[in-house]
Amino acid sequence: MSASPFIERLREQVGHEFAASQQYIAIAAYFDGQTLPLLAEHFYRQALEERNHAMMLVQYLLDAELDVSIPGVAAPQTSFDSAAAAVKLALQQERRVTDQFSELTRLARDESAFQGEQFLQWFLKEQLEETSSMSDLLAVVERAGEENLLLVEDFLARNPVGDGGADDAAPAAAGGAL
Ligand SMILES: [Fe+2]
Ligand SMILES: [Fe+2]
């Protein structure tokens, strides 16, 4: 029997999370190359979080005794016209992933996949947090302007953006979260 639409989309989401992780590594390297270490650190950390999300989905597939496939990912964008353009791309990515989890939840509900729907609840909450913190970061970068990105570094030194990934309620990640 072929997998249900919900399970097929869930497997695809593994690839979306790895793609998000690669995109964040590319953005982190861009900032590192500009000697903006705290912006770089923020995106290296986000890359790890996305990798962990992928591995949480893998753990769910394992727990549900479903076949696990690890999809390849398209190359991320690696050059950016400005810091604001890089953070804007990150915000668009978070909004797209939020839509993907909303659709996954709708499919789980349509199929009466109640455990699947419960599993997805954490990701919906996580997307709210990640979209909100990326939107905050974009506001700070735009307010500072390209000439004053050191003000953004100064801001990040005093006000870390986001929750740093610490969340005891997070689902288990295959092999352990990094
Ligand atoms: Fe994610
Ligand atoms: Fe994310």
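**Exercise 1. Determine whether the end-to-end distance of helix H3 agrees with its expected span.**

Solution. Helix H3 covers residues 83-110, where helices are DSSP runs of H or I with at least four residues, numbered from the N terminus. The expected span is 1.5 Å times one less than the number of residues. For the 28 residues of H3 this should give 40 Å, and the end C-alpha atoms are 41 Å apart, which agrees. Just after H3, Ser-112 takes a positive phi of about 50 degrees.

The model is predicted: local features need pLDDT of at least 70, side-chain atom pairs count only at pLDDT 80 or more, and totals for chains, interfaces and linings use all residues. Residues are numbered from 1 along each chain as its sequence is written, with chains lettered from A and ligands numbered from 1 in the order in which they are written.

**Exercise 2. Identify which residues of H3 are buried and what covers them.**

Solution. A residue is buried if 20 or more other C-beta atoms lie within 10 Å of its own, exposed if 12 or fewer, and partly exposed in between, with C-beta atoms placed from the backbone. Among the buried residues of H3 are Ala-83, Val-87, Gln-93, Glu-94, Phe-101 and Leu-107. Their cover includes H1, helix H4 (114-144) and helix H5 (149-158); contact requires C-beta atoms within 7 Å.

**Exercise 3. Describe how H3 packs against H4.**

Solution. The angle between H3 and H4 is about 160 degrees, and their axes are 9 Å apart. Axes are lines fitted to C-alpha atoms, for helices over the stretch in contact, and angles run from 0 to 180 degrees between N-to-C directions. Angles under 35 degrees count as roughly parallel, over 145 as roughly antiparallel, 65 to 115 as roughly perpendicular and the rest as oblique. H3 and H4 are therefore roughly antiparallel to each other. The contact of H3 with H4 comprises 16 nonpolar, 6 polar and 7 charged residues (Ala, Val, Leu, Ile, Met, Phe, Trp, Tyr, Cys and Pro count as nonpolar, Asp, Glu, Lys and Arg as charged, and the others, Gly among them, as polar).

**Exercise 4. Classify the burial of Val-140 and name the residues that Val-140 touches.**

Solution. Val-140 lies in helix H4. With 15 C-beta neighbours inside 10 Å, Val-140 counts as partly exposed. Leaving aside residues up to four places away in sequence, Val-140 touches Val-152 and Phe-155. Val-152 is 12 residues from Val-140 along the chain, and their C-alpha atoms are separated by 6.6 Å.

Technical notes: Helix = DSSP H or I, 4+ residues; strand = E, 2+ residues; numbered from the N terminus. Contact = placed C-beta atoms within 7 Å.
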